[in-house]
Structures are given as structure tokens and as C-alpha cells.
Amino acid sequence: MSGFDPNWLALREPVDHRSRDRKLITSLAGRIGRKDGVSVLDLGCGTGSNLRALAPLLAQDWQSWTLVDHDNALLEAAVEELENWADDSENFGEELILHKGSKRLTVDLRKVDLTLDMDKVLDWRADLVTAAALFDLVSESWMLAFAVGVAR
């Protein structure tokens, strides 16, 4: 998929955040537990909305996020949106260091076509693999392959 307008994504973000199931997020946070840090792999990250919604709700003050999208324009918009959202940020090209409240987030942005390289991406170690609207856009066969890859 490509061609999503960052402005359109910005318009829908507040509704997306309000529509998230708080019980599910609480359950997720409980499953991750209170370990020192957490690593998150966000597929089809767009402008980083999942990070902005979930990072403050996870218990860990240290979080490592890998944001994956195949659209350079969205990855560039993600950098700008995340820097604006954070209390403080340092930009090292493909990596950002963000501070939000007591949280320190290391953000690695990667351009990947998930139709070609899903197995490679799922080999990256993460405590949590997440995606949002991506799941509305993929085929059943892709979703099955994804589920098998995550379980592996």
C-alpha cells in the first residue's frame, strides 16, 4: 500500500486514539510486565501514531521502537510528528531518541516492503509486534503468513 497522505492520517489520529480499547491496552501492559525495558516492532507505522498512543501507557521508562513502513514520505512525516510530540528529541538520521515525561524512547525507522520482506522483519526480536490500519489493508493469506511468522 502507498499514497497515504500524512495530513489525512493526522486528521484521523484523535479518533483512532479515542477508539482504542482501554481494557485491551491494560491487558497488554500487564502481559509485558514491569521488566526494565520493552522493544516494540510497529508494522505499517505511518506517521508513528501507535507509538504516540501506546508508549505513554506502557510501564517501562525505557522503550525501543522499530517503526516499519515502505513509504518514505510517511517515515519522514513520522520523524517530524514524533519530534513535535516529544518533550525533547535527538535525531541521528534513521534513529531518534525521544523523551516524553519519564520515558526514554529509542526509535529506529526502517523502510521495508512487508509483502517482500515480512520474514526478515519478523526475525527482528521484539517483545511486542503491533500494527493498526495495516490489518485493514492486507489479504487473508498475508495475515495468515504474518500470524505464522509471529508465532515462530
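**A six-stranded mixed sheet and its helix**

Helix H4 (residues 72-85) lies across S2, S3, S4 and S5, at about 170° to S5. The model is predicted.

Trainee: At about what angle does H4 run to S5?
Mentor: Start with the strands under discussion. H4 spans residues 72-85 and lies across S2, S3, S4 and S5. Relative to S5, the helix runs at about 170°.

Trainee: How many helices and strands does the protein chain have?
Mentor: Read the elements from the N terminus. They run α-α-β-α-β-α-β-β-β-α-β-α-α. The count is seven helices and six strands.

Trainee: In what order do the strands stand in the sheet?
Mentor: The sheet is open, and its pairing is mixed. Six strands form it. The order is S3-S4-S5-S2-S1-S6.

Trainee: Which strands stand at the edges?
Mentor: Look for strands with a single partner strand. One side of each is left without a neighbour in the sheet, because each pairs with a single strand. These are S3 (88-91) and S6 (128-131).

Trainee: By how many degrees are neighbouring strands of this sheet turned against each other on average?
Mentor: Direction is ignored here. The average turn between neighbouring strands is 20°.

Trainee: Do S2 and S5 pair in the parallel or antiparallel sense, and what is the bridge partner of Asp69 in S5?
Mentor: S2 covers residues 62-69 and S5 covers residues 103-111. Eight bridges join them in the parallel sense. For Asp69, the bridge partner in S5 is Lys111.

Trainee: Are S4 and S5 parallel or antiparallel, and how many bridges join them?
Mentor: S4 takes in residues 95-100. Lys100 has Lys103 as its bridge partner in S5. The two strands run antiparallel, and the number of bridges is six.

Trainee: Which residue in the turn between S4 and S5 has a positive phi?
Mentor: S4 and S5 form a hairpin. Two residues lie between the strands. The one with a positive phi, about 60°, is Gly101.

Trainee: Which residue of S6 is the bridge partner of Val40?
Mentor: S1 (residues 37-43) pairs with S6 in the parallel sense. Four bridges connect the two. The partner of Val40 is Leu128.

Trainee: What share of contacts between residues at least 6 apart in sequence joins residues at least 24 apart?
Mentor: These contacts are counted within the protein chain. Pairs under 6 apart in sequence are left out. The share is 70%.

Trainee: What percentage of the residues counts as buried?
Mentor: Buried means under 20% relative accessible area. The protein chain has 152 residues. Of these, the buried share is 41%.

Key:
Residues numbered from 1 in each chain as written. Predicted model: local features only at pLDDT ≥ 70, side-chain atom pairs only at ≥ 80, totals over all residues. Heavy atoms only, no water. Pairing = 2+ DSSP bridges. Buried < 20%, exposed > 50% of the residue type's maximum accessible area, 1.4 Å probe, protein only. Contact = heavy atoms within 4.5 Å. Axes fitted to C-alpha atoms, helices over the stretch in contact; angles between N-to-C directions.
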